Amino acid sequence: MNYGQLRETCVNKFKGYDSNMCSRALQDCHTTLQLNNHLPTDDPYYIKLWAEIDAIRERQFKLSKGH
């Protein structure tokens with residue numbers, strides 16, 4: 001899967017998350033990135049984590065706008 005496909009999958013995954021769930025998921029992603037900082041930026045797991053982070057941020061933005 002490429003980044004765009006991963007991001008779309010993640011957008012669907014986080015569609016039902018509320019603000020607190022998004023905050024916890026975002027923290028988990030950042031913690032995981034820190035623990036795996038040895039990975040190259042083109043590693044599939046690294047790309048998946050960034051797709052999740054971007055999808056969570058998009059969800060947080062929509063929540064902040066009342067959607």
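Three short exercises on this predicted model follow, each with a worked solution.

**Exercise 1. Confidence**

Task: Work out which helix has the lowest confidence and which has the highest.

Solution:
- Start with the whole chain. The mean pLDDT of the protein chain is 95. Of its residues, 100% reach 70 or more.
- Now go helix by helix. Confidence is lowest in helix α1, residues 3–13, at a mean of 95.
- It is highest in helix α2, residues 19–35, at 97.

**Exercise 2. Salt bridges around Glu52 and Arg7**

Task: Find which side chains meet Glu52 in salt bridges, and state whether Glu52 is buried or exposed.

Solution:
- Get the total. The structure holds five salt bridges.
- Take Lys13. Its side chain meets that of Glu52 in a salt bridge, at 3.3 Å from N to O.
- Place this pair in the chain. Glu52 lies in helix α3 (residues 44–64) and Lys13 in helix α1, 39 residues apart. The pair thus links distant parts of the chain.
- Take Lys48. Its side chain forms a salt bridge with Glu52 at 2.7 Å, N to O.
- Check the spacing. Glu52 and Lys48 are separated by about one helical turn, because they sit four residues apart in helix α3.
- Read the accessibility of Glu52. The value is 7%. Buried means under 20%, so Glu52 counts as buried.
- Compare with the partners. Lys13 is partly exposed, at 45%. Lys48 is partly exposed too, at 30%.

Task: Identify the salt bridge between Glu8 and Arg7, and say how exposed each residue is.

Solution:
- The side chains of Arg7 and Glu8 meet at 3.4 Å, N to O.
- Glu8 has a relative accessible area of 42%, which makes it partly exposed.
- Arg7 stands at 21%. The cut-off for buried is under 20%, so Arg7 counts as partly exposed.

**Exercise 3. How α1 packs on α3**

Task: Describe how the axes of α1 and α3 cross, and which residues meet.

Solution:
- Begin with distance and angle. The two axes come within 8 Å and cross at roughly 45 degrees.
- Classify the angle. Angles under 35 degrees count as roughly parallel, and 65 to 115 as roughly perpendicular. The crossing fits neither, so α1 is oblique to α3.
- Add the hand. α1 passes α3 in a right-handed crossing.
- List the contacts. From α1 come Tyr3, Leu6, Arg7, Cys10, Val11 and Lys13. In α3 they meet residues including Ile47, Trp50, Ala51, Asp54 and Ala55.
- Tie in Exercise 2. Lys13, Lys48 and Glu52 are also among these contact residues.

Definitions and conventions: Residues are numbered from 1 along each chain as its sequence is written. This is a predicted model: local features need pLDDT of at least 70, side-chain atom pairs count only at pLDDT 80 or more; totals for chains, interfaces and linings use all residues. Side-chain values use heavy atoms; hydrogens and water are left out. pLDDT is the predictor's confidence in each residue, from 0 to 100. Helices (H or I, at least four residues) and strands (E, at least two) are DSSP runs, numbered from the N terminus. A salt bridge is a side-chain nitrogen of Lys or Arg within 4 Å of a carboxyl oxygen of Asp or Glu. Buried means under 20% relative accessible area, exposed over 50%, partly exposed in between (1.4 Å probe, protein chains only). Axes are lines fitted to C-alpha atoms, for helices over the stretch in contact, and angles run from 0 to 180 degrees between N-to-C directions. Angles under 35 degrees count as roughly parallel, over 145 as roughly antiparallel, 65 to 115 as roughly perpendicular and the rest as oblique. A crossing is left-handed if the near helix is turned anticlockwise from the far one by less than a right angle, and right-handed if clockwise. Contact means heavy atoms within 4.5 Å.
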